[in-house]
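Work through the two exercises below with the sequence and the structure at hand. Try each task before reading its solution.

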Amino acid sequence: MISVLIPVLDGAHILPTTIPAIRALEGVDEILWIDDGSTDETPRLLARAANEDPRVRIVTLPVNQGRSAARNAGVDASSGEVLVFLDADVEPAADSARRLAHAASLPGAVAAVARIEPVATDPSEPYQDYAVHARRGPDPDTPAERALDWRYFLAGASAVLRRPLVEAGRFPEDIPYGEDQALACELSVAHPGGLQLAPTSVRLHDIGDLDRAIRNARAYGRTLSALHGRCAALSPRFLGPVVALGWLAAPMTSTLRTVIAKISPHPFRRRLIRYLLASHAIHAASHASPPASCHGSGDRL
């Protein structure tokens, strides 16, 4: 049995695009939308989808609790042995859930990811231009249904077998950003070769702008710092020394932002954006304090 779980918070602007794609998924037994405290038209749109498709159910959280808590609520309410996780701004191909579930169920596998194709609404916006042209995920030549490094696990277009997910402690609700890498760490301990690349892709909408990307980079930097050294399988060897020099990143971010604002879309500008985001992440990591304990039973990033 395949369950599709989609957390959503104030998604009314994108749901008219993604709900039809979710409903068109082949080979799925149930579709659970987890409304994480939305205050816009999201509940009405989800209710309409549930009325029109018997596979659709809605799990409502009274207040916003974060993506990990929303996904975990969906896990608790679902019945499938294979759990397909999609973000609310993801538009999957009709075969995406079926192919993800199949790849996650291959011998030795416990999870799978799809390729992600960002969709720009404003190609001139610096980050949208960068996101569309930057390579995301494994190398394009990587064959499907082949084991991947766990660092490529992104929960927004993935499938995980229920039992390994529960044994790993599910999604860590104390990590607000980078929670999929936290889960990947837990899974990598017990299943080092357990991530597969599914032969399918999804379109990623609502990719935001450079300001939002910078906020996300800072949040990810805090996560890296908090989890560095706790997961040998995923932690970059160079991260510690780089974070120790995080004070150098602050002046670099201001300079890079000024230069980026003055030049047109070009591969050089995209490279500067990569450096800008990395600088913000490193600066945030150098000022973060690691927590007293790590989620789950394994070590972390």
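**Exercise 1: the surroundings of R162**

In this predicted model, R162 is found in helix 6, which covers residues 162-167. Determine which residues R162 touches, leaving aside those up to four places away in sequence, and establish whether the side chain of R162 is engaged in a salt bridge or in a polar contact.

*Solution.* Begin with the contacts: beyond the residues up to four places away in sequence, R162 touches V75, S78, S79, G80, E81 and L83. Next, look for an opposite charge: the nearest side chain of that kind belongs to E81 and is 4.3 Å away. A salt bridge requires a distance within 4 Å, and R162, although buried, has no salt bridge. Finally, turn to S78, whose side chain makes a polar contact of 2.7 Å with the side chain of R162.

**Exercise 2: the partners of strand 9**

Find the strands that pair with strand 9 (residues 195-204), give the sense of each pairing, and explain why strand 9 is described as largely enclosed.

*Solution.* Start with strand 5 (residues 90-92), which pairs with strand 9 in the antiparallel sense over 3 bridges; here V90 has L204 as its bridge partner. Continue with strand 6 (residues 111-118), which runs parallel to strand 9 and is joined to it by 7 bridges, with P118 standing opposite L204. Then take strand 7 (residues 147-148), which runs antiparallel to strand 9 and is joined to it by 2 bridges, L148 being the bridge partner of L195. As a last step, consider burial: strand 9 is largely enclosed by the rest of the structure because 7 of its 10 residues are buried.

How values were computed. Residues numbered from 1 in each chain as written. Predicted model: local features only at pLDDT ≥ 70, side-chain atom pairs only at ≥ 80, totals over all residues. Heavy atoms only, no water. Helix = DSSP H or I, 4+ residues; strand = E, 2+ residues; numbered from the N terminus. Buried < 20%, exposed > 50% of the residue type's maximum accessible area, 1.4 Å probe, protein only. Lys, Arg positive; Asp, Glu negative; His and termini not counted. Polar contact = N/O pair within 3.5 Å; in protein donor to acceptor, adjacent residues only side chain to side chain. Contact = heavy atoms within 4.5 Å. Pairing = 2+ DSSP bridges.
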